[in-house]
Structures are given as C-alpha cells and as structure tokens.
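Student: I've got a new protein model to look at and I'm not sure where to begin. Could we go through it together, one question at a time?

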Amino acid sequence: MKKVKSDKLATKAKSATKAKSAKKKDSNLVSINFSLNGKQVGVRVHPMDRLLDVLRDELGHFGTKEGCGEGECGACSVLIDDELVNTCLVPVLQVSGRKIRTIEALKGGKELAALQNAFVVQNGTQCGFCTPGMIMAAVHLLETNAQPSEEQIREAMAGNLCRCTGYVKIVKAVQMAAEEIGGGLL
Ligand code: FES
Ligand code: FES
C-alpha cells in the first residue's frame, strides 16, 4: 500500500517538473511587469492568462478568491489603478504597467482595521469567502465617498454576492467603518 502511495507521489512530482520545464520552453510566454501592492513585480505568463490565476498561482496572493469565474460574484475583486475590477475577467496583458491593490495591500492599514473590526462586530462575515472582495469594494467606495448613504453602500456592493449573511450586516459593517474612518481615506 505504502509503495503505491510513494509511486503516485513520485509520478505527481515528475509531471509537475515536466510542466515547469515545458513552461520554461514555451515560446508563447511574455514578460509582464506591474505594481502589486506598492512593489514592482514581473511574471512570465501567457498574455491571456487570467489576472486572478496570475495573482494566486504565480504571485501567491491567495486573498483574492475565485467564486463564479464569470464576473458575477465579485469574490475576485481587486483595485486596478483605483478602479474595482473582477480579476477573473481580466487577461494579465491588460495590467502591464498598471497599479494593482489586493486585499493583502491593506494589511496593517487603518482601512482594513476599521473594516475588519466592523465586519466582526456586525457579524458581516460567516464563511468568509466573499469577504476579501466585499472589503475591496468597500475600500473603493470609501476612497471615493467617505460618508456614503445606505443606498450608496448597497449600490457600491451590488456586484459582490454573499451566500451567508443576507447583506444587512454587511451594509451595517460598511456604515460603521465609514463612521470610524470619518473621511480619513480621502
Ligand atoms: S470569481 Fe470573478 S466575479 Fe466571481
Ligand atoms: S460570508 Fe459566506 S459567502 Fe459571504
């Protein structure tokens, strides 16, 4: 039994190495450079690879989630040049030279602290799968409108789906964070 398992592992490792060396030789790969959370990064990828896959698989930024993969749920939201974008719909070629912010960019900052606290206090997160996308949408909103009305919050978050919370708690969390930050993001 053990032998079968180790044979399987060896085969898996071999095919991973093969895939890596095939990728190295792939003449369709291009170099793309962009700013990711304030640092310049470069990747060798197919130009039509989805930004979502490049962020996760090439750059290890796993905070950006894949939900629908079709631009419908917002789980994969990031900011590109300060605009909220679904990365499952963006070929990586399009971000060459641009500025990307993912949920990881907020680490240690007051936006995340205020939003995290508000999401916890208001029970705005349950399974948590939608939360990084929700927070990126909220940051985008609060950077452009520091004191949004409930209607404006609902409108801004409309592209982000949550299967767990029923949205009321998420809206309350964003309202609470807005009050706490008090326009400090603008
Ligand atoms: S995974 Fe991109 S919008 Fe759903
Ligand atoms: S908390 Fe589960 S999908 Fe939103």
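Tutor: Sure, and keep in mind that this is a predicted model. Let's begin where two helices touch: Glu-111, Leu-112, Leu-115 and Phe-119 of helix 3 meet Thr-131, Ile-135, Ala-138 and Val-139 of helix 4.

Student: How do the residues of that contact divide into nonpolar, polar and charged?

Tutor: Go through the names on both sides. Helix 3 brings Glu-111, among others, and helix 4 brings Thr-131, among others. Glu counts as charged, while Thr is not on the nonpolar or charged list and counts as polar. The contact of helix 3 with helix 4 comes to 6 nonpolar, 1 polar and 1 charged.

Student: Is helix 3 oblique or perpendicular to helix 4?

Tutor: Helix 3 (residues 110-121) and helix 4 pack at about 125 degrees, with axes 11 Å apart. Roughly perpendicular covers 65 to 115 degrees, and roughly antiparallel needs over 145. The angle makes helix 3, relative to helix 4, oblique.

Student: And is the crossing left-handed or right-handed?

Tutor: Here you look at how helix 3 passes helix 4. The crossing is right-handed.

Student: What does helix 4 lie across?

Tutor: Helix 4 covers residues 131-144 and runs at about 35 degrees to one of the strands, strand 3 (77-80). The elements that helix 4 lies across are strand 3 and strand 4.

Student: Okay, on to the sheet. Which strands stand at its edges, and why is one side of each left without a neighbour?

Tutor: The sheet is open, has 5 strands with mixed pairing, and follows the order 2-1-5-3-4. Each edge strand has a single partner strand, so one side of it is left without a neighbour in the sheet. The edge strands are strand 2 (39-45) and strand 4 (83-86).

Student: How many degrees does the twist average from one strand to the next?

Tutor: This one goes along the order 2-1-5-3-4, taking the step from each strand to the next. The average twist is 40 degrees.

Student: Do strand 1 and strand 2 run parallel or antiparallel, and how many bridges join them?

Tutor: Look at the bridge partners: Leu-36 is matched with Lys-39 in strand 2, while Val-30 is matched with Val-45. As the numbers go down in strand 1 from Leu-36 to Val-30, they reach Val-45 in strand 2. The two strands run antiparallel, and the number of bridges is 7.

Student: What about strand 5: in which sense does it pair with strand 1?

Tutor: Strand 1 (residues 30-36) and strand 5 (residues 99-101) share 2 bridges. One bridge partner to look up is Lys-99 in strand 5, which goes with Ser-35. The sense of this pairing is parallel.

Student: Which residue in the hairpin of strand 1 and strand 2 takes a positive phi?

Tutor: The hairpin has 2 residues between its strands. Most residues other than glycine have a negative phi. Here phi is near 50 degrees, and the residue is Asn-37.

Student: Is Asn-37 buried or partly exposed?

Tutor: Count its neighbours: 17 other C-beta atoms lie within 10 Å of Asn-37. Buried needs 20 or more, and exposed means 12 or fewer. That makes Asn-37 partly exposed.

Student: Where is Asn-123, and what is its phi?

Tutor: Asn-123 sits in the loop between helix 3 and helix 4. Asn-123 is partly exposed, with 14 other C-beta atoms within 10 Å. Though not a glycine, Asn-123 has a positive phi, about 55 degrees.

Note on methods:
Residues are numbered from 1 along each chain as its sequence is written. Chains are lettered from A and ligands numbered from 1 in the order in which they are written. This is a predicted model: local features need pLDDT of at least 70, side-chain atom pairs count only at pLDDT 80 or more; totals for chains, interfaces and linings use all residues. Two strands pair if DSSP finds at least two bridges between them. Helices (H or I, at least four residues) and strands (E, at least two) are DSSP runs, numbered from the N terminus. Axes are lines fitted to C-alpha atoms, for helices over the stretch in contact, and angles run from 0 to 180 degrees between N-to-C directions. Two residues are in contact if their C-beta atoms, placed from the backbone, lie within 7 Å. Angles under 35 degrees count as roughly parallel, over 145 as roughly antiparallel, 65 to 115 as roughly perpendicular and the rest as oblique. A crossing is left-handed if the near helix is turned anticlockwise from the far one by less than a right angle, and right-handed if clockwise.
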